[in-house]
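Here is a short report on one protein chain. Keep the 3D view open and follow along.

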Amino acid sequence: MMSESPVRLAVMGAGLIGRRHIEHILAEPSAVLHSIIDPAPEARALAAERGWRWQAGFDSSDPEKADGLIVATPNAMHVAHGLAAIEAGIPVLIEKPLADTLSGAEQLVVAAEKAGVPLAVGHHRRHNPIITRARAKIAAGELGPIVAVHGFFWIAKPDDYFNVSWRREPGAGPILINLIHEIDLIRHLCGEITEVWAISANQQRGFAVEDSAAVMMRFAKGALGTFTLSDAIPSPWSWELTSAENPAYPATGEAYLMIGGRDASLSLPRLEIWRHKPKKSWWQPMVGERESLPPVDPLRAQIAQFCRVIRHGEPPLVPGREGLESLRVIEAIRQAAATGQSVRLA
């Protein structure tokens, strides 16, 4: 029996995240790099140095068109680039956030669904086995009904991170850039969010963009949630520093997200469940049970799954509509922070 040929993936945008996608394509047996698409001279030079095919822009008439496209361009370009792929009938994986506006994200989702072209969103943490296992534990009722959720994104971005001017402007802060990952995971694990309250601040650096925020959430099934975030705090409590999924960040081994049910509580990414034994009472001893899983790079797993979407018709783990709904919550949080009022989600 002949083995199937690797899936030819093009990467649009050869910046930091684009280059990480390229690394994983090159390491994935089921994929091969078709080309990089980026008009920047640096991208062209990189392609020439490595012997990769280079294109300045997406060409829908290319007779050797890719089997799939990964869009890793700036957020404001996601809609135009995603629509171009959809119109050409090419399955597309778009980095998070799906778009820079809700209307743009809706346009992408509707176009993909109407054309029957797979649209995936790069919320790669859902591909982490830790999250898969946590979702299974919650679904199996190990915690009982969810009562509350609490999490942190406290991290210290270095001063030179802000040498790039757009990172000092509204829309480039931790709410849109970082919190969207957390909201996507919280929705994935705990269900839909129906109402949010939020406050934000920029006193630590004085830039136009926020550096800190606090969020409260109400869930469809009655649970409540809180999340605080700041990119100006040295701390061990963030997914980046606790999950060990990216070697660029020093691993702390701490937890950053706590999910509490009526029967037990779960901390992530430690996969540690705490409950009272022999019966549920604050007078009784607490017992913690931790599960360890072998490390898997979720970006690599995301590439492998995208190849299965293209070759075998497997549904994307994070389809466009999921990316849209996570962005909808983020927009509600931004609105709540700006107005001082709670915002309900349909």
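Helices (at least four residues) and strands (at least two) are DSSP runs, numbered from the N terminus. With those labels, a place such as that of P97 can be given: the loop between β5 (92-95) and α4 (102-115). One caution comes before the rest: this is a predicted model.

## The whole chain

Start with the overall picture. The protein chain has nine helices and 15 strands. Its radius of gyration is 21 Å, and the globule rule gives 20 Å for 346 residues, so the chain is as compact as a globular protein of that length. Along the principal axes, the C-alpha atoms fill a box of roughly 70 × 55 × 40 Å.

How much of the chain is buried? Buried residues account for 49% of the 346 residues. The chain exposes about 16300 Å². Carbon and sulfur atoms supply 56% of that area.

Now look at the contacts. Take those between residues at least 6 apart in sequence: 65% of them join residues at least 24 apart.

Charges come next. The chain has 35 positive and 38 negative charges. Their mean positions lie 6 Å apart.

## Backbone exceptions

Most residues other than glycine have a negative phi, and most peptide bonds are trans. Four places in this chain are worth a look against that background.

| Place | Feature | Value |
|---|---|---|
| K96 to P97 | cis peptide bond | omega about -10° |
| K277 to P278 | cis peptide bond | omega near 10° |
| A244 | positive phi, not a glycine | phi about 60° |
| L271 | positive phi, not a glycine | phi about 50° |

Where do these residues sit? P97 is in the loop between β5 and α4. P278 is in the loop between β13 (272-276) and β14 (286-290). A244 belongs to the loop that runs between α7 (239-242) and β11 (257-261). L271 is in the loop between β12 (265-268) and β13.

Is A244 buried, partly exposed or exposed? The cut-offs decide: buried means under 20% relative accessible area, exposed means over 50%, and partly exposed lies in between. A244 has 48% relative accessibility, so it counts as partly exposed. L271 has 1%, so it counts as buried.

## One helix and its cover

Turn to helix α5, residues 129-139. Which of its residues are buried? They are I130, I131, A134, K137 and I138. Seen down the axis of α5, these buried residues fall within an arc of 125°, so they line one face of the helix.

What covers the buried residues of α5? The cover includes the strands β7 (146-154), β11, β12 and β13. It also includes the helices α6 (174-190) and α7. Some of these names have come up before: α7 and β11 flank the loop of A244, while β12 and β13 flank the loop of L271.

## One strand residue

Finish with L224. It lies in strand β10, residues 224-230. Its relative accessible area is 45%, so L224 is partly exposed.

Which residues does L224 touch, leaving out those up to four places away in sequence? They are V147, A148, V149, M217, R218 and F219.

How far is L224 from E42? The two are 182 residues apart along the chain, and their C-alpha atoms are separated by 47 Å.

Conventions
Residues numbered from 1 in each chain as written. Predicted model: local features only at pLDDT ≥ 70, side-chain atom pairs only at ≥ 80, totals over all residues. Heavy atoms only, no water. Rg over C-alpha atoms; globule rule 2.2 N^0.38 Å. Buried < 20%, exposed > 50% of the residue type's maximum accessible area, 1.4 Å probe, protein only. Contact = heavy atoms within 4.5 Å. Areas by Shrake-Rupley, 256 points an atom, 1.4 Å probe, with all protein chains shown as cover. Lys, Arg positive; Asp, Glu negative; His and termini not counted. Charge placed at Lys NZ, Arg CZ, Asp CG, Glu CD. Arc of directions from axis to C-beta.
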